[in-house]
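Me: I should like to learn how the features of a structural model are read, going from the whole chain to single residues. Please take me through them in turn.

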Amino acid sequence: MQNECQQLNGDTILPIVVHVVYFDAASNVSDQAIKNMIDTLNYEWTGKKGGENMGFSFALAKRDPNGNLTNGIYHVDGSSIPNYATQGAQSVANDPINLGIMNVAPAWNKDKYINIWIVQSNAFSGAGAYLYRTIMIRNVNVVTSGNLTHEMGHFFDLFHTFQGSTTTQCPIDTNPYFDGDKCADTHPHKMADCGSTSCTGSGSIPDVFINYMSYCGSKIFTPDQKDRVFASLSRDERWCLALSDGLIPSNVETEVSVDSIRFLNDLSKPLCDSLGIIQMKVSNSGTKQIDSLKSWLYINDSLIKNITSIESISPYTSKWITLQPTKFEFSGSYNIKLILKKFNSDTVDYKMSNNSLCSDFDIIVKGILVNGVSNPLNAGTITGSQIVSCDERVILTATANNGFTFDHWEDEFGNFITTNNAYSRDINLQLENDQTYYAKFTILTDVNSNNIENNVMIYPNPAHDHLSISFRNQTNFQKITIINSIGSIIQEIDVVNLKDVTIDLKNYVRGNYFLSIIKDKGVYNFKCVIL
Ligand SMILES: [Zn+2]
């Protein structure tokens with residue numbers, strides 16, 4: 001995950017552990033020489049010699065992975081490694097000598113420390129960084145300026161300025177951001193060429209020959225190289241170095257950090273009720289127990305909540321703390337940022353830069369409409385239609401109005417579902433979208449309709465300009481309702497005490513209509529056609 005919101009600040013310093021793997025007194029490089037090497041690295045890395053200030057620096061670890069005090073330098077006897085003294089480290093990752101070095105001087109947690117091995121080697125002249133997040137420096141070159149700075153460039157994903165070249169051919173540089181060293185402001189050149197201008201392409205010609213990532217000089221990094229290093233540092237697997245407790249002395253009383261942010265929800269699925277449950281991993285690297293925390297939650301740079309957590313975090317331990325559910329209205333990418341503001345009664349701790357953290361998350365929010373519709377519309381009432389935002393059971397129930405009877409449920413493609421008027425569905429939010437179901441009703445055929453029809457005349461049928469209804473001898477009809485073919489009520493006519501009614505049809509569209517006539521407590525339905 002790329003943490004675009006990460007910011008470098010003045011105290012972004014990454015911890016280094018140096019493993020000196022010696023086989024005699026001369027190869028046991030002194031602590032002072034190691035300290036000088038780190039000083040040189042910082043001097044060059046921060047642009048004091050020239051070029052860009054990369055914006056952060058390095059220091060020897062003050063605390064080991066077990067929380068104990070350290071000076072960040074380990075001297076390890078490698079004389080038992082076969083052929084180490086005569087040949088030393090090789091340029092092949094799985095070479096037995098290299099495996100022997102890693103066996104006597106295993107890496108400290110690479111998430112917390114930049115590991116550097118000082119080794120005997122005949123295979124490489126200056127240094128090697130052939131394994132992922134592994135830097136080896138030849139023991140006789142510890143003092144060489146630019147050496148570790150170059151390897152640190154590789155550690156942060158910089159390529160050689162001559163990347164892609166052979167001794168006789170220039171690197172391809174058609175698209176300077178994708179070809180060669182992927183930095184537009186470094187001129188492409190042949191590996192061994194430290195002064196010619198024979199390669200055409202982008203970038204500064206003189207600067208490349210004094211670039212730390214060439215084999216020619218050791219004076220500058222360029223702005224594009226700096227951007228690339230920052231992008232590399234911002235990635236989770238390196239940003240954790242900025243959050244490391246490796247530079248916190250083991251006797252500090254108060255030191256907390258927020259190390260990681262995650263969701264308790266499975267974010268590959270829609271959030272139930274749009275509620276996200278955020279968790280933050282907090283580490284207590286101090287000697288004092290933490291009993292309460294105050295933190296601020298930002299979403300997309302807006303302060304959302306002040307949170308007080310009553311949690312006990314013992315010294316040298318970490319804990320995942322669960323925040324109250326947070327509502328997310330829309331699907332999309334969200335930037336979540338947490339800042340620790342208070343720990344017990346303290347507002348300041350040893351290292352402030354690790355008190356805030358942000359991460360981007362893709363969140364899916366979904367509400368689907370499950371809708372029941374009466375067909376025809378006036379024929380019945382449907383209960384249970386709703387917007388569903390969690391996996392749950394929905395029951396649509398159809399009840400017929402007077403004059404109609406429920407027949408069956410259909411889906412929106414006209415497929416028969418059930419004759420049970422209560423249709424029950426288990427909704428899976430992840431798999432389903434809005435859906436409509438139709439309760440099909442039929443017009444009740446009254447047992448007395450023949451009698452009624454004998455007493456009611458509807459004419460002409462089909463009708464055109466007007467429609468006449470005559471109740472003959474009956475007087476206790478109450479209302480005529482005219483309904484179109486999709487169930488909408490078009491007109492209602494009060495017919496109490498009337499014997500004849502004429503309806504003007506000039507505003508009617510052509511089609512089939514129902515006449516629903518209420519008499520006493522019964523409803524009688526007739527079809528008529530308007531042409
Ligand atoms: Zn290199």
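The dialogue below begins with the whole chain and ends with individual backbone angles.

Me: What should be borne in mind about the origin of this model, and how many helices and strands does the chain have?
Reply: The model is predicted. The chain has seven helices and 30 strands.

Me: How is the overall form of the chain to be judged from its radius of gyration?
Reply: The radius is set beside the value that the globule rule gives for the number of residues. Here the radius of gyration is 40 Å, whereas the rule gives 24 Å for 531 residues; the chain is therefore more spread out than a compact globule. The C-alpha trace spans about 130 × 60 × 40 Å along the principal axes.

Me: What share of the residues is buried, and what share of the contacts joins residues at least 24 apart?
Reply: A residue is called buried if 20 or more other C-beta atoms lie within 10 Å of its own. Of the 531 residues, 32% count as buried. Among contacts between residues at least 6 apart in sequence, 63% join residues at least 24 apart.

Me: How does one read the two sides of a helix, with α2 as the case, and which of its residues are buried?
Reply: One asks where the buried residues lie when the helix is seen down its axis. In α2, residues 96–104, the buried residues include Ile97, Asn98 and Ile101. They fall within an arc of 100°, so they line one face of the helix. Leu99 and Asn103, on the other side of α2, are exposed.

Me: Which strands do the buried residues of α2 pack against?
Reply: They pack against β1 (13–22) and β4 (114–119).

Me: How is a sheet described, and in what order do the strands of the open four-stranded sheet come?
Reply: Strands of a sheet pair through backbone hydrogen bonds, either parallel or antiparallel. In this open sheet the order is β11-β10-β14-β15, with antiparallel pairing. At the edges are β11 (302–309) and β15 (356–363), each of which pairs on one side only. Neighbouring strands are turned by 25° against each other on average, with direction ignored.

Me: How many bridges join β14 to β15, and which residue stands opposite Ser356?
Reply: Strand β14, residues 332–343, is joined to the antiparallel β15 by eight bridges. Ile339 stands opposite Ser356 in β15.

Me: Which backbone features deserve a separate look, and where are the cis peptide bonds that join Asn375 to Pro376 and Tyr459 to Pro460?
Reply: Most residues other than glycine have a negative phi, and most peptide bonds are trans. The cis bond between Asn375 and Pro376 has an omega of about 0°; Pro376 lies in the loop between β16 (368–375) and β17 (380–383). For the cis bond between Tyr459 and Pro460, omega is about -15°, and Pro460 is found in the loop between β24 (457–459) and β25 (466–470).

Me: Where do Lys182 and Asp273 lie, and what is the phi of each?
Reply: Lys182 has a positive phi, near 65°, and its place is in the loop between α3 (147–155) and α4 (205–208). Asp273 is not a glycine either, yet has a positive phi of about 60°; Asp273 lies in the loop between β7 (256–263) and β8 (275–276).

Me: Why is Lys182 classed as partly exposed and Asp273 as exposed?
Reply: A residue is exposed if 12 or fewer other C-beta atoms lie within 10 Å, and buried from 20 upwards. Lys182 has 17 such atoms and is therefore partly exposed; Asp273 has 12 and is therefore exposed.

Definitions and conventions:
Residues numbered from 1 in each chain as written. Predicted model: local features only at pLDDT ≥ 70, side-chain atom pairs only at ≥ 80, totals over all residues. Rg over C-alpha atoms; globule rule 2.2 N^0.38 Å. Contact = placed C-beta atoms within 7 Å. Arc of directions from axis to C-beta. Pairing = 2+ DSSP bridges. Axes fitted to C-alpha atoms, helices over the stretch in contact; angles between N-to-C directions.
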